[in-house]
Amino acid sequence: MAANATIPTANPGELRVVIREKMSKATDADDRTATSARLKKLFEEVTASSPHNTSNFKTCVVTWVDKPVDTLDPKDILIYLVRTIGDSLLRQAYPALGAQLAALSAADRKRICGTTTAGVNPTYSEVYWDADYNQTTARVANTMFHECLHNKLDMGQSMHDLAPMAGDIGGFLQGDLPSKDDLALTTKDKETMGG
Ligand SMILES: [Zn+2]
């Protein structure tokens, strides 16, 4: 049996984000570096923004693994990354979700860029590399941050109603994320993730 993946030892004040990619890798090393850097930047904009950060986290470390991690702490964030909805790992844990995903039209299967299992325990998030929106590594990171917001709030579709505005200035809470690589966090995004 293959050994489990190791991740950096938890340092005080450091948020650990682990991206677990299914064995059939969709990414190359450059993709992983770019996606990790963008996601780290987004989380550190929250932790650096002290009025909106009520946690003890000051920095963020993103680690990419391709096998299970058995040393996760409840405060760690785990995101699954698979190529398509057809590769979903969540449907293995939640057959009802699997049935929903299987019933989607071909267009919807490409449109949905991630899923979070709000309302159940444990809460999992996964992101689909080949979704229409996820055309760049920055947008994959944007989707990951959006799914982490669902995960943080343990909210499904109703979370999208929390977006303060629509369009490019609506930020990361919107159901359909703006197609901008450099999408900026709104104050509401920071309050929501940091609260
Ligand atoms: Zn959403």
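Start by selecting Asp154, just after helix H5, where phi is positive at about 55 degrees. Asp154 takes this value although it is not a glycine. Bear in mind as you look around that this is a predicted model. Colour the loop between H5 and helix H6 (187–194), and you will find Asp154 in it. Is Asp154 buried, exposed or partly exposed? With 14 C-beta neighbours inside 10 Å, Asp154 counts as partly exposed, because a residue needs 20 or more to be buried and 12 or fewer to be exposed.

Now step back to H5 itself and select residues 137–153. Here the picture is one of enclosure: 14 of the 17 residues of H5 are buried, so this helix is largely enclosed by the rest of the structure. If you like checking geometry, put a distance between the end C-alpha atoms of H5: they are 25 Å apart, which agrees with the 24 Å that 17 residues should span at 1.5 Å a residue.

Next, add helix H1, residues 29–47, to the selection. H1 and H5 pack with their axes 8 Å apart, at an angle of about 45 degrees. That makes H1 oblique to H5, and the crossing is right-handed. To see who meets whom, show side chains on both helices. From H1 come Asp31, Ala34, Thr35, Arg38, Leu39 and Leu42, and they meet Thr137, Ala138, Val140, Ala141, Met144 and Phe145 of H5. Sorted by class, this contact has eight nonpolar, two polar and two charged residues.

Stay with H1 for a moment. Its 19 residues reach 27 Å from first C-alpha to last, close to the 27 Å expected at 1.5 Å a residue. Which residues of H1 are buried? Select Thr35, Ser36, Arg38, Leu39, Leu42, Phe43, Val46 and Thr47. Then bring up strand S1 (14–21), strand S2 (59–65), H5 and H6, since these are the elements that the buried residues of H1 pack against.

For the last stop, follow the chain to H6 and pick Met193, which sits in that helix. Met193 is buried, with 24 other C-beta atoms within 10 Å. Which residues is Met193 in contact with, leaving aside its neighbours within four places in sequence? Look for Val46, Leu149 and Lys152; Val46 is one of the buried residues of H1 you have just selected. To finish, draw a line from the C-alpha atom of Met193 to that of Pro12: the two residues are 181 apart along the chain, and their C-alpha atoms are separated by 19 Å.

Notes:
Residues numbered from 1 in each chain as written. Predicted model: local features only at pLDDT ≥ 70, side-chain atom pairs only at ≥ 80, totals over all residues. Axes fitted to C-alpha atoms, helices over the stretch in contact; angles between N-to-C directions. Helix = DSSP H or I, 4+ residues; strand = E, 2+ residues; numbered from the N terminus. Parallel < 35°, antiparallel > 145°, perpendicular 65-115°, else oblique. Left-handed = near helix turned anticlockwise from the far one by under 90°. Contact = placed C-beta atoms within 7 Å. Nonpolar A, V, L, I, M, F, W, Y, C, P; charged D, E, K, R; others polar. Expected span 1.5 Å × (residues − 1).
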